[in-house]
Amino acid sequence: MLTKASALVITEWLHNVLKSGVPKDIRILDFSFHLPSSNRNGRKEYEEKHIPGASYFDIEECCDKSSPYGLMLPDVKHFERYVGNLGIDNSTHIVVYDNGVNYGFFSAPRIWWMFRVFGHEMVSVLDGGFMKWCSEGLPTTSEVVHVPKTTFQGLYRPHLVKSYEDIAKNLKDNSFQLMDARGEGQFMGIKPEVREGIEPGHIPALKNLGYQDIVDKESGVMLDVKEIKKLFNETGIDLSKPLVSTCGSFTLLP
């Protein structure tokens with residue numbers, strides 16, 4: 001049995017897998033999440049159209065609701081319960097996608113990371129996402145699937161998460177590189193933030209490489225590895241050294 005999956009899978013592979021229905025060892029998750037300013041609703045769009053066999057992953061249900069900050073990681077018990085209710089156990093290969101329209105995928109990598117944080121590496125992102133799936137005329141449905149609940153046992157891996165205190169300490173000792181995956185406008189503080197209460201600009205000493213820069217603008221798929229490495233190099237990021245990334249959910253340090 002495989003214990004680790006490729007980080008990306010292509011639409012052709014997934015289409016072939018689904019020709020005879022969804023295999024028992026694979027679960028497809030639609031994690032279409034949109035920022036408040038988009039006036040879009042991921043769950044509603046899922047209910048209207050999604051990849052056959054997919055279940056909706058609701059990040060607003062699978063998060064730490066006691067935190068004053070939005071969409072923070074849940075504890076391991078919460079995560080175990082939530083994904084077990086989606087029919088996912090420790091042998092399941094998860095394929096996650098979203099319906100981002102500009103870059104192929106926008107939010108799906110968050111779920112890829114969450115599963116890895118809780119010890120599960122049998123998880124892949126659909127390269128090009130729902131945008132590419134639909135552009136190729138592949139089948140979609142509005143049928144909501146219901147799968148039997150199962151048991152998932154998580155193992156929290158703290159080295160994959162950094163705290164406020166870790167970032168503050170790193171400003172002094174520079175033990176790891178820090179990069180910001182937002183677009184240049186938000187990074188520079190010249191474009192309005194999409195959430196209320198977040199100051200413009202960025203944490204000191206950050207490098208900036210926007211998530212949209214590593215995706216082919218026409219197809220929505222991830223750029224070739226050599227091209228991505230070149231972009232990191234041009235940004236001044238050394239991939240042989242520790243690297244931590246941030247996005248828009250942060251507040252500037254005092």
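## Strands, a histidine and some aromatic rings

Two bridges join strand 6, residues 177-180, to strand 7, and the two strands run parallel. This is a predicted model, so read what follows as a description of that prediction. One of the bridges is easy to find: Met179 has Lys207 in strand 7 as its bridge partner.

On to the other neighbour of strand 6. Strand 8 pairs with strand 6 in the parallel sense too, this time over four bridges. Here you can pick out Leu178, whose bridge partner in strand 8 is Val244. Put the pairings together and you get an open sheet of three strands in the order 7-6-8, with parallel pairing. Strand 7 (207-208) and strand 8 (243-246) are the edge strands, each pairing on one side only.

In general, strands of a sheet pair through backbone hydrogen bonds, in either a parallel or an antiparallel way. Side chains in a regular strand alternate between the two faces of the sheet. So which way do the side chains of strand 6 point? Gln177 and Met179 go one way, Leu178 and Asp180 go the other, and all are buried.

Now for His93, which sits in strand 4 (residues 93-97). Is His93 buried or exposed? Its relative accessibility is 11%, and because the cut-off for buried is under 20%, His93 counts as buried. Leaving aside residues up to four places away in sequence, His93 touches Ala5, Trp13, Asp25, Ile26, Arg27, Met122, Val123 and Ser124. With Ser124 there is also a polar contact, side chain to side chain, at 2.9 Å. Lys169 is another story: His93 and Lys169 are 76 residues apart in sequence and 37 Å apart in space, C-alpha to C-alpha.

What about the cysteines? A search of the whole structure turns up zero disulfides. Take Cys62: the nearest cysteine sulfur belongs to Cys63 and is 7.5 Å away, and Cys62 is in no disulfide. Cys62 counts as buried, at 0% relative accessibility. Cys134, by contrast, is partly exposed, with a relative accessible area of 29%.

Aromatic rings get plenty to do here. How many aromatic pairs does a search of the whole structure find? The search finds eleven. Two of them are set side by side below.

| Pair | Centre to centre | Angle between planes | Geometry |
|---|---|---|---|
| Phe31 and Phe33 | 6.2 Å | 20° | stacked |
| Phe79 and Phe152 | 5.9 Å | 75° | edge-to-face |

Why is the Phe31 and Phe33 pair called stacked? Their planes are at 20°, and planes under 30 degrees apart count as stacked. Both rings belong to buried residues: Phe31 has a relative accessible area of 2%, and Phe33 has one of 16%.

The edge-to-face pair is worth tracing along the chain. Phe79 lies in helix 3 (residues 76-84), while Phe152 is in the loop between helix 5 (129-135) and helix 6 (164-173), so this pair ties together parts that are 73 residues apart in sequence. Phe79 and Phe152 are both buried. They also belong to a wider group, since ring pairs link Phe79, Phe115, Phe118, Phe152 and Tyr156 into a cluster.

Notes: Residues numbered from 1 in each chain as written. Predicted model: local features only at pLDDT ≥ 70, side-chain atom pairs only at ≥ 80, totals over all residues. Heavy atoms only, no water. Pairing = 2+ DSSP bridges. Buried < 20%, exposed > 50% of the residue type's maximum accessible area, 1.4 Å probe, protein only. Disulfide = S-S within 2.5 Å. Contact = heavy atoms within 4.5 Å. Polar contact = N/O pair within 3.5 Å; in protein donor to acceptor, adjacent residues only side chain to side chain. Phe/Tyr/Trp six-rings, centres within 6.5 Å; stacked < 30°, edge-to-face > 60°.
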